[in-house]
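The following account leads the reader through one protein chain, from its overall composition to its local backbone features. Please keep the sequence and the model in view while reading.

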Amino acid sequence: MKKIAVLLLFVTLLIAGCGASNSEKKAETPSQSKKPIVIGLMPDTDSIPFIIAEKNGYFKEEGVEVTLMPFKSAMDRDAAMQSGNLDGAVSDLLAVAFAKSGGFDVCVTSMTDGNYRLVAGKSVDLANGVSTLKGKDVAVSKNTIIEYVTDQILAKNNMPDTDIEKVVIPQIPLRLEMLQNGKLAAATLPEPMASIAIFHGCKFVTDSAELGINPGVMMFTKAAVKDKNSEIAAVYRAYNKAVDYLASTDREKYIDFIIEKNGFPSEAKSALKLPSYHKAALPEEKDITECMEWLNSKKLVSDKYSYQDLVVKGLF
């Protein structure tokens with residue numbers, strides 16, 4: 001009988017021990033073991049999959065704690081990145097090259113689906129397409145992705161950038177207002193401002209997506225890629241879930257939320273044309289090459305960074 005009692009006590013303790021072990025494992029959730037990630041967003045369409053991933057709980061599903069930090073200007077975003085307040089950000093190839101040239105080690109981890117559109121005023125006759133704008137005022141922001149896209153559009157139409165009269169207007173709302181009021185022949189605008197201009201009667205000329213110009217990227221610090229590799233991979237799994245959601249869901253179910261969260265003008269609900277979002281992918285080598293050639297030709301960056309210098313693989 002004593003042997004049976006001892007055996008029963010041993011079995012009871014074993015079961016209790018296993019239960020405690022399983023309980024401890026259950027308590028050790030992925031989010032507790034992973035490091036938090038902070039990502040900077042701009043008020044544009046590139047940021048929408050991240051906003052949807054947060055809203056729908058995809059980051060939590062992937063066991064990663066993500067803070068999305070909104071910025072109104074690229075300058076503020078880049079300052080936050082360099083001060084160590086961000087791990088990554090929705091950005092562009094120019095910003096990556098400028099940061100790296102300035103001694104701040106960042107890298108490209110994926111492309112994004114932002115679109116930049118050349119839009120003409122209401123009274124402009126576009127019978128000859130882009131070449132119609134020869135000699136006319138076209139608004140840009142100097143030494144930015146906007147000027148880069150404008151120059152690339154001209155180049156793809158066999159026009160040097162001297163064929164147009166560039167008017168430098170850094171403030172996007174002012175650029176939009178002047179275009180709509182007929183004070184400019186054309187302007188290059190990001191979304192949703194381009195769609196709003198077209199909604200109010202301005203004319204679509206062409207855009208970066210139509211011409212295969214893809215300067216929009218996600219950038220992360222080299223430190224984050226090194227120390228938070230698995231967390232960034234989890235972010236991209238959540239991003240891909242958001243892309244699936246956007247592709248399969250009626251926009252009426254999320255458009256009000258997107259407009260409010262991004263601070264888009266109310267007209268964007270009807271006007272905004274969302275891109276066809278793609279799951280996480282690396283930029284093509286030509287995107288890097290073309291951007292670097294432009295930066296070098298403008299003497300904005302002296303280094304001739306290659307694809308291998310800027311792009312990190314293996315995160316998705």
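A residue is called buried when its relative accessible area is under 20%, exposed when that area is over 50%, and partly exposed in between. The model discussed here is predicted.

The chain is built from 15 helices and 10 strands. Of its 316 residues, 48% are buried. The surface that the chain exposes amounts to about 15,400 Å², and carbon and sulfur atoms supply 54% of that area. Among contacts between residues at least 6 apart in sequence, 77% join residues at least 24 apart.

The interior may be considered next. In soluble globular proteins, nonpolar side chains tend to be buried together. In this chain, the largest nonpolar core has 55 residues, of which I39, F50, I52, F59 and F220 touch the most other members. Helix α11, which spans residues 229-248, gives the most to this core, with 10 residues. The surroundings of I39 can be followed in detail: leaving aside residues up to four places away in sequence, I39 touches F50, V66, T67, L68, M69, L86, G88, A89, M218, F220 and V235. A second core, separate from the largest one, has 47 residues and includes M81, A99, I145 and A186.

Helix α11 also holds A233. With a relative accessible area of 16%, A233 falls under the 20% limit and is therefore buried. The C-alpha atoms of A233 and E62 are 9.4 Å apart in space, while the two residues are 171 residues apart in sequence. T249 lies in the loop between α11 and α12. T249 is likewise counted as buried, at 16% relative accessibility, and its side chain reaches the backbone oxygen of Y245 at 2.7 Å.

Charged side chains form another layer of the description, for the structure holds 19 salt bridges. One of them joins K222 and D105, with the closest N and O atoms 3.9 Å apart. This pair links distant parts of the chain: K222 belongs to helix α10 (residues 222-227), D105 belongs to the loop between α6 (93-101) and β4 (106-111), and the two are 117 residues apart. K222 is partly exposed, at 31% relative accessible area, and D105 is partly exposed at 38%.

What is the accessibility of each partner in the salt bridge between K142 and E147? K142 has a relative accessibility of 45%, which lies between the two limits, so K142 counts as partly exposed. E147, at 0% relative accessibility, counts as buried. The closest N and O atoms of this pair are 3.5 Å apart. Both residues belong to a network of salt bridges that links K142, E147, D151, D161, K166 and K298.

A further salt bridge is formed by the side chains of D256 and K269, at 3.2 Å from N to O. Here D256 lies in helix α12 (residues 255-262) and K269 in helix α13 (residues 268-271), 13 residues apart. D256 is partly exposed at 42% relative accessibility, and K269 is partly exposed at 33%.

Helix α14 covers residues 285-297 and has 13 residues. From its first C-alpha to its last, α14 reaches 18 Å, close to the 18 Å expected at 1.5 Å a residue. An α-helix has 3.6 residues a turn, so residues three or four places apart point the same way. In α14, the buried residues are D287, I288, C291, M292, W294, L295 and N296. Their cover includes α6, α7 (145-156) and α15 (307-310).

The backbone offers some final points of detail. Most residues other than glycine have a negative phi, and most peptide bonds are trans. Just after α14, K299 takes a positive phi of about 60 degrees, although K299 is not a glycine. K299 is placed in the loop between α14 and α15 and counts as exposed at 74% relative accessibility. N158 also has a positive phi, near 55 degrees. N158 lies in the loop between α7 and β7 (165-168) and is exposed, with 75% relative accessibility. Finally, a cis peptide bond joins E191 and P192, with omega about 10 degrees. P192 is found in the loop between β8 (186-190) and α9 (193-199).

Technical notes:
Residues are numbered from 1 along each chain as its sequence is written. This is a predicted model: local features need pLDDT of at least 70, side-chain atom pairs count only at pLDDT 80 or more; totals for chains, interfaces and linings use all residues. Side-chain values use heavy atoms; hydrogens and water are left out. A salt bridge is a side-chain nitrogen of Lys or Arg within 4 Å of a carboxyl oxygen of Asp or Glu. Helices (H or I, at least four residues) and strands (E, at least two) are DSSP runs, numbered from the N terminus. Buried means under 20% relative accessible area, exposed over 50%, partly exposed in between (1.4 Å probe, protein chains only). Contact means heavy atoms within 4.5 Å. Accessible areas come from the Shrake-Rupley method with a 1.4 Å probe; for residues, only the protein chains shown count as cover. A nonpolar core is a set of buried Ala, Val, Leu, Ile, Met, Phe, Trp, Tyr and Cys residues joined through side-chain atoms within 4.5 Å. The expected span of a helix is 1.5 Å times one less than its number of residues. A polar contact is a pair of N or O atoms within 3.5 Å; within protein, one must be able to donate a hydrogen and the other to accept it, and residues adjacent in sequence count only if both atoms are side-chain atoms.
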